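Trainee: I should like to go through this model with you and ask, for each label, what justifies it.

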Amino acid sequence: MNRFSYSKPQQVNDAIQQLSDTGRFIAGGTNLLDLMKENVARPDQLVDINALPLREIETTQAGGLRIGALVKNSTVAYHPDVERVYPLLSQAILAGASAQLRNMASTGGNLLQRTRCYYFYDIGTPCNKREPGSGCGALNGQNRIHAILGHSDQCIAVHPSDMAVALAALEATVHVSGPDGDRVIPMSEFHRLPGDTPHLDTTLGQHELITAVELPPRGFAENYAYVKIRDRASYAFALVSVAAALELNGNTIGTARIALGGVAHKPWRKPEAEALLAGKPATEENFRAAAELILQGAQGFEHNSFKIELAKRAIVRALSEAASGVNAK
Amino acid sequence: MNATPARQLRPDAGADTHTISLNINGKQHELAVEPWTTLLDLLREHLDMTGTKKGCDHGQCGACTVLVNGTRINSCLSLAVMQDGAEVTTIEGLANGDDLHPMQAAFVEQDAFQCGYCTPGQICSAIGMIAEGKAQTRDEIREQMSGNLCRCGAYNNILAAIEQAIPACKGGLRE
């Protein structure tokens with residue numbers, strides 16, 4: 001690990017002011033410290049934000065829930081309001097990492113974790129995300145875990161978060177503060193596709209700090225599912241994951257939300273596929289039609305083309321599970 | 001418990017050090033640490049408490065699991081300076097003299113290890129898991145313990161040991 005200076009401010013504004021151009025905020029540290037040990041991240045300053053007053057979970061005036069950026073993943077997953085109103089979020093969080101990591105990792109940090117692409121992590125190989133312009137090791141390398149949607153010839157990495165996939169389906173917003181004030185970013189615009197600038201994972205400004213994640217009132221607690229397909233039963237990143245949420249009138253679909261993890265540089269949604277399901281009966285045939293539409297244009301590489309059919313089947317399974325109400329408390 | 005005087009952990013440590021206060025296994029320590037020292041390295045390399053193991057050093061194996069304020073975490077992925085003021089419990093803090101903690105005794109009785117390298121992390125993790133109160137069934141215990149790998153494959157006996165110790169551990173950490 002490289003040498004760095006360390007400070008622990010008490011207020012959000014102080015933290016933002018203290019951060020230098022080459023420094024980083026640190027919360028749980030579970031990903032950042034790992035990256036620093038691998039020399040992938042080499043900040044010369046860490047601003048420890050753990051003393052900031054960002055640990056509340058509170059009901060919003062709109063009837064939603066505001067989760068402070070420093071609330072631990074395990075605290076969110078087991079919070080009574082989250083379990084009751086947003087069980088999809090609980091299920092997704094508990095599908096990720098290990099109990100120890102969930103006890104450390106913060107809500108804001110989860111969104112900002114970097115890809116687990118082997119080439120991003122190995123500083124002996126080229127990676128446009130780690131070192132812009134150096135090339136992509138994964139494109140013609142071992143790419144079993146990589147993207148099938150939204151990738152570019154610069155980067156085929158995927159975003160590793162499970163929590164973010166549920167937040168995308170629930171249409172959460174990300175509250176941030178920065179030198180120019182506060183703003184609110186919809187989850188759909190928070191993570192970005194790699195394009196020609198794969199070193200940028202998100203639309204967060206360099207000196208901006210996540211202060212909270214806000215959930216709208218609608219939690220889909222009756223009909224939801226998080227299906228995660230991985231190489232071992234627990235404690236592994238998703239090959240494909242699906243967050244599915246339905247609003248049903250009898251067997252007719254009112255609203256459908258479908259977000260995919262493990263397939264793209266961001267949680268993947270296709271509004272046309274969700275619209276396709278609206279007003280239709282909740283049948284496997286209709287779910288398959290939506291799945292085909294979501295995976296339209298998907299392109300695999302040498303080792304990961306299996307993900308295309310896997311994703312379609314996972315979508316059908318997740319929607320079927322959601323429609324059955326099997327997960328409702 | 002008397003606090004020991006602040007201990008300079010490295011003779012060449014200069015202005016970069018931060019003084020922190022840690023209660024480790026009931027004993028108060030005032031320590032001058034460099035910010036890049038992990039909690040794991042502080043325990044093992046600076047305090048010679050080698051019961052906590054370094055396996056992968058990347059949060060993937062769980063061998064470094066300790067309890068911080070009663071919660072299980074990976075000590076390899078936490079900076080010591082970030083734990084200022086915390087209460088840390090390691091494997092060395094569980095037994096009362098020769099009187100083993102119920103979880104330790106259960107691991108012995110159930111033969112829940114071969115090489116033993118993952119065992120301190122398994123035991124601390126299991127105690128943390130019981131305190132969390134989320135695992136009731138065998139499958140839930142397996143799931144909740146998935147952050148602790150055992151290369152010897154003693155999982156069945158580890159599961160049996162945890163099941164055996166649950167009733168005695170319900171009150172949390174024994175004082």
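The discussion below takes up the labels one by one.

Mentor: Please keep in mind throughout that this is a predicted model.

Trainee: What makes chain A as compact as a globular protein of its length?

Mentor: Let us begin with its elements: chain A has 13 helices and 11 strands. Its radius of gyration is 19 Å, and the globule rule gives 20 Å for 329 residues; the two values are close, so chain A is as compact as a globular protein of that length. Along the principal axes, its C-alpha trace spans about 60 × 50 × 35 Å.

Trainee: How much of chain A counts as buried, and how much area does the chain expose?

Mentor: A residue is called buried when its relative accessible area is under 20%. By that cut-off, 59% of the 329 residues of chain A are buried. The chain exposes about 12900 Å², of which carbon and sulfur atoms supply 49%.

Trainee: Which share of the contacts in chain A joins residues at least 24 apart?

Mentor: Counting contacts between residues at least 6 apart in sequence, the share is 65%.

Trainee: Why is Val213(A) called buried?

Mentor: Its relative accessibility is 1%, and the label requires a value under 20%, so Val213(A) counts as buried. The residue is part of strand 8, residues 209-215 of chain A. Beyond its neighbours within four places in sequence, its contacts include Leu65(A), Ile67(A), Leu111(A) and Leu167(A). Arg66(A) is a further contact of Val213(A); these two residues are 147 apart in sequence, while their C-alpha atoms are 5.8 Å apart in space.

Trainee: Leu52(A) lies in the loop between strand 3 and strand 4 of chain A. Is Leu52(A) buried or exposed, and how do you know?

Mentor: The relative accessible area of Leu52(A) is 2%, which is under the 20% cut-off, so the residue is buried.

Trainee: Which residues does Leu52(A) touch, setting aside those up to four places away in sequence?

Mentor: Among them are Pro9(A), Val12(A), Ala15(A), Leu70(A) and Leu209(A). As for Ile210(A), it is 158 residues from Leu52(A) in sequence and 11 Å from it in space, C-alpha to C-alpha.

Trainee: Why is helix 5 of chain A described as largely enclosed by the rest of the structure?

Mentor: Helix 5 covers residues 87-94, and six of its eight residues are buried, so the description follows. The buried residues are Pro87(A), Leu88(A), Leu89(A), Ser90(A), Ala92(A) and Ile93(A).

Trainee: What is notable about phi of Tyr235(A)?

Mentor: The angle is near 55°, a positive value in a residue other than glycine. Tyr235(A) belongs to the loop between strand 9 and strand 10 of chain A. With 10% relative accessibility against a limit of 20%, Tyr235(A) counts as buried, because its value is under that limit.

Trainee: Which residues is Arg230(A) in contact with, leaving aside its neighbours within four places in sequence?

Mentor: Arg230(A) also lies in the loop between strand 9 and strand 10, and Tyr235(A) is one of its contacts. The others are Ala95(A), Ala236(A), Phe237(A) and Leu239(A). Phe25(A), by contrast, is 205 residues from Arg230(A) in sequence and 31 Å from it in space, C-alpha to C-alpha.

Trainee: Let us turn to chain B. How many helices and strands are there in chain B?

Mentor: There are five helices and six strands, and along the sequence they follow the pattern β-β-β-α-β-β-β-α-α-α-α. Of the 175 residues in chain B, 53% are buried. The chain exposes about 7800 Å², with 45% supplied by carbon and sulfur atoms.

Trainee: Why does Asn25(B) count as partly exposed?

Mentor: Partly exposed lies between the 20% and 50% limits, and the relative accessibility of Asn25(B) is 27%, so this label applies. Asn25(B) sits in the loop between strand 2 and strand 3 of chain B. Its phi is near 50°, a positive value in a residue other than glycine.

Trainee: Finally, how much area do chain A and chain B bury between them?

Mentor: They bury about 2500 Å², 55% of it on carbon and sulfur atoms. On the side of chain A, Tyr6(A), Lys37(A) and Gln100(A) lose the most area to chain B, together 25% of what that side buries. The contact takes 31 residues from chain A and 29 residues from chain B.

Note on methods
Residues are numbered from 1 along each chain as its sequence is written. Chains are lettered from A and ligands numbered from 1 in the order in which they are written. This is a predicted model: local features need pLDDT of at least 70, side-chain atom pairs count only at pLDDT 80 or more; totals for chains, interfaces and linings use all residues. Side-chain values use heavy atoms; hydrogens and water are left out. Helices (H or I, at least four residues) and strands (E, at least two) are DSSP runs, numbered from the N terminus. The radius of gyration is taken over C-alpha atoms; the globule rule is 2.2 Å times the number of residues to the power 0.38. Buried means under 20% relative accessible area, exposed over 50%, partly exposed in between (1.4 Å probe, protein chains only). Contact means heavy atoms within 4.5 Å. Accessible areas come from the Shrake-Rupley method with a 1.4 Å probe; for residues, only the protein chains shown count as cover. Buried area is the accessible area (1.4 Å probe) that two parts lose on being put together, summed over both.
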